[in-house]
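Subject: Structure handover

Hello,

I am passing on the structure we spoke about, with some notes for a first look. Please open it alongside this message.

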Amino acid sequence: MTVDVEVAPGHPRMTKRFTWEAVDARLTLRLLEVAYLAEGRPDEADKLSELDRDGLVRQATRALGRPLNKRHMPSVGPVLRDQWLPNLKRVQLYGLARLVQLSLSGPDRTAALGTKGEILAFFQRRNLTETFLANLHSLFVSHYKRPAPVVGPGGVSGRRNAEPILLEGQGAVDRRMPFDHQRDAWAKLDDMAGARVLSERAGLLVLPTGAGKTFTMVAWLLRQLGQDPSLRVLWLADQQELVDQSARAFADHAATLAVGDSRVLRVVHGGAGSASALGDGDVDVLCATRQSVLGGGFAEASQRRLGTFLTRPTIVVVDEAHHAVSPTYRKLLDFIQDTSPATLLVGLTATPWPRGADMTALLRKRFPVTVADVQTRDLVKSGVLARPQLHTVPTGESLNLTDEQVRQIAGRDLPPSVLRALDREGRNHLIVDAWIERQDEWGKTLVFACDIKHADHLGALFRAAGVATTVVHSRAEVDRGQELARFRRSEGNAVLVSVGMLLEGVDVPDARTAFLTRPTSSPIVMRQMIGRVLRGVAGGGEEIAHVVDLRDRWSHDVDVLSPVNIADLPGQVHTHDGGEHRLPPVRDEVTGEPIPEDVLERIARAYRDIHSAFPYAGALESTDLIGFYELGYLNVPVFRHALPRWEEVITEEVSGGGYLRPVEMFDDLPVPQPVTSDIRAVIEYCRAQRVSPPLAPVRASMSIAAIVRDLRAAGPLEEGERMSRLRAVYETSLARSAFGSFHQFFDAVQQELLATSTEGPRRGNPESVTSAAPTRRAKPRLSRRKDRDLQPLYRSAAARGRKILEVAAPEQAHLLQVAWLPTAAWTHQPLKGTWAHWSVRLQGRSRGTPVIRVNAALQAPRTQVSDEVLEYLLWHELVHHVLPGRGHDAEFRRLESEWPDFARLDHELDSINERFDLSHLFGEEV
């Protein structure tokens with residue numbers, strides 16, 4: 001049941017506001033022209049002649065601001081001086097002239113300005129200084145102000161919300177059936193309210209966007225207010241819209257209070273009441289922005305005012321609580337908990353992962369109790385949240401970033417300079433065209449723009465195309481609350497363009513689609529954008545939510561997220577590139593459950609890193625995914641060959657030791673190596689939580705050899721049937737992450753087919769660590785000699801190899817000259833699965849340069865592993881260097897077999913497990 005909030009009767013208060021309707025159309029046209037030309041947008045200036053008066057008013061409001069923004073004065077100032085001032089009366093000109101004279105020295109300061117002509121001549125002598133332009137701006141704005149009623153932003157009733165609001169009980173029963181996660185949260189909040197230990201009276205309620213955080217909290221708070229007449233509530237948020245939304249929720253559900261029971265609510269922020277309301281002894285619920293409560297630096301007066309409010313029992317709610325780790329918030333909450341230790345403190349958020357391990361730890365320390373922590377995936381299954389369908393629209397735009405911009409992005413979101421560069425005419429038209437093409441499917445759409453200018457440009461293009469469009473941002477001269485309400489009320493397809501204010505808390509329940517035109521490297525920002533349209537049928541929304549990702553071309557150094565990077569977000573990936581193809585899930589080989597799409601995307605990112613560093617590097621012939629670390633906002637894939645390194649790094653980080661450069665712990669592994677951002681994310685989790693992240697078990701493998709065996713076992717196939725079979729394998733396996741395209745995968749299969757069909761009997765693979773046959777006899781251990789030097793053997797192998805190539809492949813012999821040789825080194829520790837591998841460096845200044853890694857397990861005495869064997873193994877890797885990306889094809893095998901006595905040495909490597917015990921090196925029988 002909802003309750004309408006009464007507004008005090010009487011005449012509306014009036015004020016004066018600037019309006020472009022009052023400005024002469026010819027002057028408006030000229031101001032727009034010079035502003036567009038100054039910004040390097042001549043095409044926009046050319047279009048102005050097509051606009052009627054109303055169109056000019058709308059364009060001026062969007063492009064120049066309402067009132068005229070001061071930043072345009074350097075370009076439009078000469079027009080106002082030369083074309084506008086001469087039309088004013090002498091008395092108006094004289095007032096401006098006297099202001100200007102006061103800023104001067106010399107004869108002009110005291111010059112007599114009797115006639116209008118003398119005043120205009122005086123203005124013509126003036127330089128367009130900052131002071132002159134400021135005074136000219138002030139005169140222009142005040143000249144075109146007209147009477148208008150007072151309208152405040154947001155507010156429970158849509159009017160300026162400075163007056164107290166009475167929450168009157170009617171004994172009503174809320175007809176909405178609460179969800180299970182809300183009942184569980186209420187029970188936990190009851191436990192917190194009854195706790196006597198202070199550390200148990202501060203908790204965090206984590207619910208995905210659309211899961212009803214505000215209703216969950218408000219409904220419980222109203223029950224508490226009904227039970228304790230002395231209780232107060234202080235609801236804190238950073239944005240006015242969030243504060244107004246919480247006040248609306250209290251008003252809408254106040255009828256659930258008992259008949260005759262009433263409470264007084266006040267709203268405090270820049271567009272409503274003042275912080276003096278903290279001193280109102282009659283206030284029971286205060287919804288305020290943090291900034292209003294803090295005042296100027298949280299001075300003594302502000303502290304005393306807040307202390308007065310806390311003299312009664314108080315529940316403090318921090319909306320979007322991930323901001324609570326900021327210095328000013330910490331100062332405010334420290335004061336509250338020191339002044340009133342028994343205060344109940346509840347944080348609300350959908351994204352409990354502030355950047356940095358220290359910040360995450362601070363958040364958990366502030367809110368030690370978990371009130372609720374619900375997964376998006378579960379709420380989608382139950383219908384509380386909509387099922388997201390993900391669409392990708394390639395823009396074709398490439399971003400050429402400077403080294404400084406790449407450094408700025410590291411560990412942070414994309415800086416304004418990078419986002420500004422995406423406000424491109426072609427990209428903007430593509431966005432509008434993509435929406436118009438399928439507008440009936442998209443319906444009401446939220447468009448997230450890169451910055452304010454970008455939002456204005458997109459809004460203008462949507463409107464020019466006849467689309468019902470609303471643009472809201474911090475500089476928009478519109479009533480944000482009214483614009484949001486108008487968008488909510490609108491019927492049919494419509495677009496709401498915004499920059500940042502829709503990311504947190506603002507409720508637009510019937511928005512069906514999110515257009516992500518603003519790229520991000522922040523999981524929080526990505527989740528917030530997506531979450532705005534995820535309200536499901538059970539919560540009054542849609543069954544399906546569309547998420548349209550505008551995908552630009554980024555360099556390998558920039559970890560720009562895609563919606564599929566978001567953990568716990570189920571959905572189906574679509575492409576939108578002239579057609580649409582739905583990819584089937586890749587399933588766990590044991591359980592049959594789909595592997596999360598974000599895990600597959602992280603794997604693909606790992607392979608993209610190596611391919612971008614060295615395009616000819618191939619995927620591993622086989623690799624095994626054994627699980628993924630669940631970090632909450634990110635799932636990090638874990639491969640069998642990397643698990644020992646993960647465990648070592650995690651153990652060190654949890655114990656508080658930590659490596660200076662933990663990324664180097666993985667740089668000797670074969671591909672796929674974990675990407676740097678994943679390593680940092682796991683380390684931050686360990687430092688914040690002081691526990692190992694949970695490893696969700698998954699089993700999936702990718703083996704080109706196994707695929708070829710299955711293909712042969714199927715018998716003779718028509719070409720079309722073979723292609724269809726291989727495409728199905730590619731799309732339903734890790735191959736789609738390991739290979740950039742089906743064609744790359746097909747080429748790898750073809751290479752394996754050719755190699756295995758022409759070499760006759762099975763050849764050993766010197767790189768591969770094969771399993772030892774069971775035996776009862778005791779085997780000697782393979783010893784470690786850490787002082788064994790690999791470099792003399794490498795130089796010898798390279799010299800012998802160069803002579804072989806001069807005869808067998810003279811056009812490639814130069815690749816083994818000293819200047820072209822890759823570096824070679826032992827791995828940091830013994831590795832399972834491979835004796836050696838050729839790869840490229842993925843980190844640091846040497847990124848992209850080839851490197852050979854030899855398994856440290858072979859760093860043994862010469863009596864166990866001979867120089868001959870190691871030189872042959874190094875030759876094998878040098879052939880990979882000569883033939884990058886070719887795998888073990890026929891040409892590879894031909895060159896490899898040119899090594900003297902290769903067959904015997906092949907066998908020696910192949911049988912090491914038969915002759916020696918390696919369990920002490922690998923921790924288990926190999």
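Below is what was found, from the whole chain down to single residues.

Please keep in mind that this is a predicted model. The chain has 926 residues, and 53% of them count as buried. It holds 36 helices and 23 strands. Among contacts with a separation of 6 or more, 76% join residues 24 or more positions apart.

One open sheet is a good place to begin. Its eight strands run in the order S3-S6-S7-S5-S8-S9-S4-S10, and the pairing is mixed. At the edges stand S3 (165-168) and S10 (369-373); each has a single partner strand, so one side of each lacks a neighbour in the sheet. On average, neighbouring strands are turned by 20° against each other, direction ignored.

Inside this sheet, S8 (residues 314-319) pairs with S9 (residues 344-349) in the parallel sense, over five bridges. Asp319 is found opposite Leu348 of S9. Helix H11 (residues 240-253) packs on the sheet and touches S3, S5 (232-237), S6 (262-268), S7 (285-289) and S8. The direction of H11 makes about 165° with that of S7.

Next, the nonpolar cores. In soluble globular proteins, nonpolar side chains tend to be buried together. The largest core here has 70 residues, of which Met217, Leu221, Trp235, Phe250 and Leu265 touch the most other members. The helix that gives the most to this core is H10 (residues 213-227), with eight residues. Leaving aside residues up to four places away in sequence, Phe250 touches Leu167, Val218, Leu221, Leu222, Val233, Trp235, Leu265, Val285 and Cys287. A second core, separate from that one, has 45 residues, including Leu790, Ala808, Val869 and Leu905.

Helix H7 (residues 116-125) is worth a look as well. Which of its residues are buried? They are Ile119, Leu120, Phe122 and Phe123. Viewed down the axis of H7, these buried residues fall within an arc of 155°, so they line one face of the helix. As general background, an α-helix has 3.6 residues a turn, so residues three or four places apart point the same way.

Last, the cysteines. How many disulfides does a search of the whole structure find? The result is zero. Cys287, one of the residues touched by Phe250, is buried, with a relative accessible area of 0%. Cys686 also counts as buried, at 1% relative accessibility.

Regards

How values were computed. Residues numbered from 1 in each chain as written. Predicted model: local features only at pLDDT ≥ 70, side-chain atom pairs only at ≥ 80, totals over all residues. Heavy atoms only, no water. Disulfide = S-S within 2.5 Å. Buried < 20%, exposed > 50% of the residue type's maximum accessible area, 1.4 Å probe, protein only. Pairing = 2+ DSSP bridges. Helix = DSSP H or I, 4+ residues; strand = E, 2+ residues; numbered from the N terminus. Axes fitted to C-alpha atoms, helices over the stretch in contact; angles between N-to-C directions. Contact = heavy atoms within 4.5 Å. Arc of directions from axis to C-beta. Core = buried A, V, L, I, M, F, W, Y, C linked by side-chain atoms within 4.5 Å.
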